[in-house]
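Open the structure in your viewer and keep the selection tool ready. The tour goes from stop to stop.

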Amino acid sequence: MAKSLESVESAGAIGKGGGEPLDPARARLVELAAARGVSLSALSGLIGRNASYLQQFVRKGSPRKLEEIDRGTLARFFGVDEAELGAPDPAVHVPAALRQDGVGLSAPRTQAEWADIPRLALGASAGPGALTADEVPVGRLRFSSRWLKAQGLDPAMLSVIEVEGDSMEPTLRDSDEILVDRTPRPLRAGIHVIRVDDVLLVKRLEAGAAGMIRVISDNPAYPRMERPMADVDVVGRVVWKGGKI
């Protein structure tokens with residue numbers, strides 16, 4: 001895949017002032033973005049910043065380091081440890097004035113209370129179908145890490161996309177946002193995001209005749225389909241929805 005990083009020289013080999021090599025965290029960010037084929041502008045949108053934010057971080061050293069919440073979001077998006085993007089030592093050291101008998105104390109860093117799940121710039125059609133777009137993050141939606149863990153969900157395997165159309169009403173309505181779990185699992189009945197004939201759909205799936213699968217719209221105005229399982233690419237299972245009342 002072609003690199004698309006707004007002219008970050010030599011995949012990030014050159015940094016501040018155009019002549020100094022990048023520090024490891026900045027170089028790693030550029031390397032990960034190039035490997036994923038996603039621009040620094042898109043990544044800036046993922047963390048809720050203006051389009052030039054990460055370009056400034058990489059090329060001009062401003063900010064000096066990523067904020068913890070931004071670093072965590074990027075690490076989850078790339079599936080890497082935060083240390084690769086400049087996270088400090090996980091031990092939080094107690095100042096000398098608070099040490100007992102001259103022995104250094106340390107406390108482990110607690111797990112983040114929240115997980116920022118990327119919103120993707122594509123829609124899953126709940127109508128006649130819509131062609132897919134590139135999976136470029138355009139924002140994030142925050143979920144409780146405790147809730148995700150209780151549901152058996154891994155934040156790195158989750159995405160948020162928007163429903164388009166009315167064929168899944170009343171369960172899902174046009175413009176609802178859905179949380180999609182892409183973790184590979186045995187297929188079971190439920191609502192899934194699928195790709196059929198290069199079209200991304202959100203439908204209810206049920207087992208059909210041998211080698212077949214039923215693709216169901218909850219809105220009775222739409223006909224049911226039965227397709228060979230080989231023709232249905234299951235992207236992920238819908239595990240949550242949100243939308244207007």
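Two strands pair if DSSP finds at least two bridges between them. Strands (E, at least two residues) are DSSP runs, numbered from the N terminus. This is a predicted model, where local features need pLDDT of at least 70, side-chain atom pairs count only at pLDDT 80 or more, and totals for chains, interfaces and linings use all residues. Residues are numbered from 1 along each chain as its sequence is written, and side-chain values use heavy atoms, with hydrogens and water left out.

Select residues 199–207 and 212–216. These are strand 9 and strand 10, antiparallel and joined by four bridges. Find Leu205: Val215 in strand 10 stands opposite. Now go to the hairpin, with its four residues between the strands. Gly211 has a positive phi there, near 75 degrees.

Add residues 225–228, which are strand 11. Strand 11 pairs with strand 10 over four bridges, again antiparallel. Here Arg214 faces Glu226 of strand 11 from the opposite position.

Next, select Met229, in the loop between strand 11 and strand 12 (233–242). Is Met229 buried or exposed? Met229 is partly exposed, at 42% relative accessible area. Partly exposed lies between buried (under 20%) and exposed (over 50%), with a 1.4 Å probe and protein chains only. Add Leu187 and Val234: with Met229 they form a nonpolar surface patch of about 230 Å² accessible area together. Patch residues have over 30% relative accessible area and no salt bridge (a side-chain nitrogen of Lys or Arg within 4 Å of a carboxyl oxygen of Asp or Glu). Nonpolar side chains (Val, Leu, Ile, Met, Phe, Trp, Tyr) are joined within 5 Å, like charges within 9 Å. Areas come from the Shrake-Rupley method with a 1.4 Å probe; for residues, only the protein chains shown count as cover.
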